[in-house]
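Student: I have a new structure open and no idea where to begin. Can we go through it together?

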Amino acid sequence: MEKSVMVVGIDDSDHSFHALEWTLEHLFSPAPENSAFRLVVVHAKPSATTAVGLTGPGAAEVLPYVERDLKIIAARVVEKAKEICAAKSVNDVLLEAAEGDPRNVLCEAVDKHNASVLVVGSHGYGAIKRAVLGSVSDYCAHHAHCSVMIVKKPRKIKH
């Protein structure tokens, strides 16, 4: 029997790594090979022009450096995800990095892999930041062609 696909979206934030760890602990442990899901971890790498957000004189000189840095960050994110999976004994995982807006990259990954579940972390932005940046989890909940699970990082309790 073919396993369903679960896509987990990650970026370089603690929130997304928490979502990956939570997913592995609750849905893949203690016997990851017995999981009902095939795991695909996807990182959306922004394009250099989007990350810089500048045009005009001087932009062309900056972009190659920004692109190099974004590739380094993407490689680190994917490597950290691989380490987290290995630490939880989940070795049958497909790790992907795709360039583009995370909202589109994750929805496209869902379609590409015919996923039945998409897992994303919640950054816990306030209303203003969410309005300006747009919520990836919000967008995916409305546009992904599968169920979407939003994993929230627990609040630190103040004493």
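Student: How much area does the protein expose, and what share do carbon and sulfur atoms supply?
Tutor: The model is predicted. In it, the protein exposes about 9700 Å², and carbon and sulfur atoms supply 54% of that area.

Student: And what percentage of the residues count as buried?
Tutor: Of the 159 residues, 37% count as buried.

Student: How many helices and strands are there?
Tutor: The protein has six helices and five strands. Read from the N terminus, the order of elements is β-α-β-α-α-β-α-β-α-α-β.

Student: In what order do the strands sit in the sheet?
Tutor: The order is β3-β2-β1-β4-β5, in an open sheet with parallel pairing. The edges are taken by β3 and β5 (147–152), each with a single partner strand, so one side of each has no neighbour in the sheet. On average, neighbouring strands are turned by 25° against each other, direction ignored.

Student: Back to β5 for a second. How many bridges does the pairing of β4 and β5 have?
Tutor: The two strands pair over six bridges, in the parallel sense. As for residues, V120 stands opposite I150 in β5.

Student: Changing topic: helices. Which strands does α4 lie across?
Tutor: Helix α4 lies across β1, β2, β3 and β4, and runs at about 150° to β2.

Student: What span should α4 have, and how far apart are its end C-alpha atoms?
Tutor: The helix has twelve residues, 102–113, and at 1.5 Å a residue they should span 16 Å. The end C-alpha atoms are 16 Å apart, which agrees.

Student: Which residues of α4 are buried?
Tutor: They are V105, L106, C107, A109, V110 and H113.

Student: Why do residues three or four places apart in an α-helix point the same way?
Tutor: Because an α-helix has 3.6 residues a turn.

Student: OK. What do the buried residues of α4 pack against?
Tutor: They pack against four strands and a helix: β1 (4–10), β2 (37–45), β3 (93–99), β4 (117–122) and α6 (136–143).

Student: What about the ends of α4? Which residue caps the N-terminal end?
Tutor: D101 is the cap, with a side-chain oxygen 2.8 Å from the backbone nitrogen of R103. Just after the helix, N114 takes a positive phi of about 55°.

Student: You listed H113 as buried. Which side chain does H113 join in a polar contact of 2.9 Å?
Tutor: The partner is the side chain of E96. E96 has its place in strand β3.

Student: Is E96 buried or exposed?
Tutor: E96 counts as buried, because its relative accessibility is 17% and the cut-off for buried is under 20%. Leaving out residues up to four places away in sequence, E96 touches V40, V41, V42, H43, V78, K112 and H113.

Student: V42 is in that list. Where is V42 placed?
Tutor: V42 is in strand β2. V42 is buried, with a relative accessible area of 1%.

Student: What does V42 touch?
Tutor: With residues up to four places away again left out, V42 touches V7, V8, G9, I10, E96, V105, L106 and A109.

Student: And V110? How far apart are the C-alpha atoms of V42 and V110?
Tutor: They are separated by 9.9 Å, while the two residues are 68 residues apart along the chain.

Student: Last one. What share of the contacts with a separation of 6 or more comes from residues 24 or more positions apart?
Tutor: In this protein, such residues account for 78% of those contacts.

Methods. Residues are numbered from 1 along each chain as its sequence is written. This is a predicted model: local features need pLDDT of at least 70, side-chain atom pairs count only at pLDDT 80 or more; totals for chains, interfaces and linings use all residues. Side-chain values use heavy atoms; hydrogens and water are left out. The expected span of a helix is 1.5 Å times one less than its number of residues. Buried means under 20% relative accessible area, exposed over 50%, partly exposed in between (1.4 Å probe, protein chains only). Contact means heavy atoms within 4.5 Å. A polar contact is a pair of N or O atoms within 3.5 Å; within protein, one must be able to donate a hydrogen and the other to accept it, and residues adjacent in sequence count only if both atoms are side-chain atoms. Two strands pair if DSSP finds at least two bridges between them. Axes are lines fitted to C-alpha atoms, for helices over the stretch in contact, and angles run from 0 to 180 degrees between N-to-C directions. Accessible areas come from the Shrake-Rupley method with a 1.4 Å probe; for residues, only the protein chains shown count as cover.
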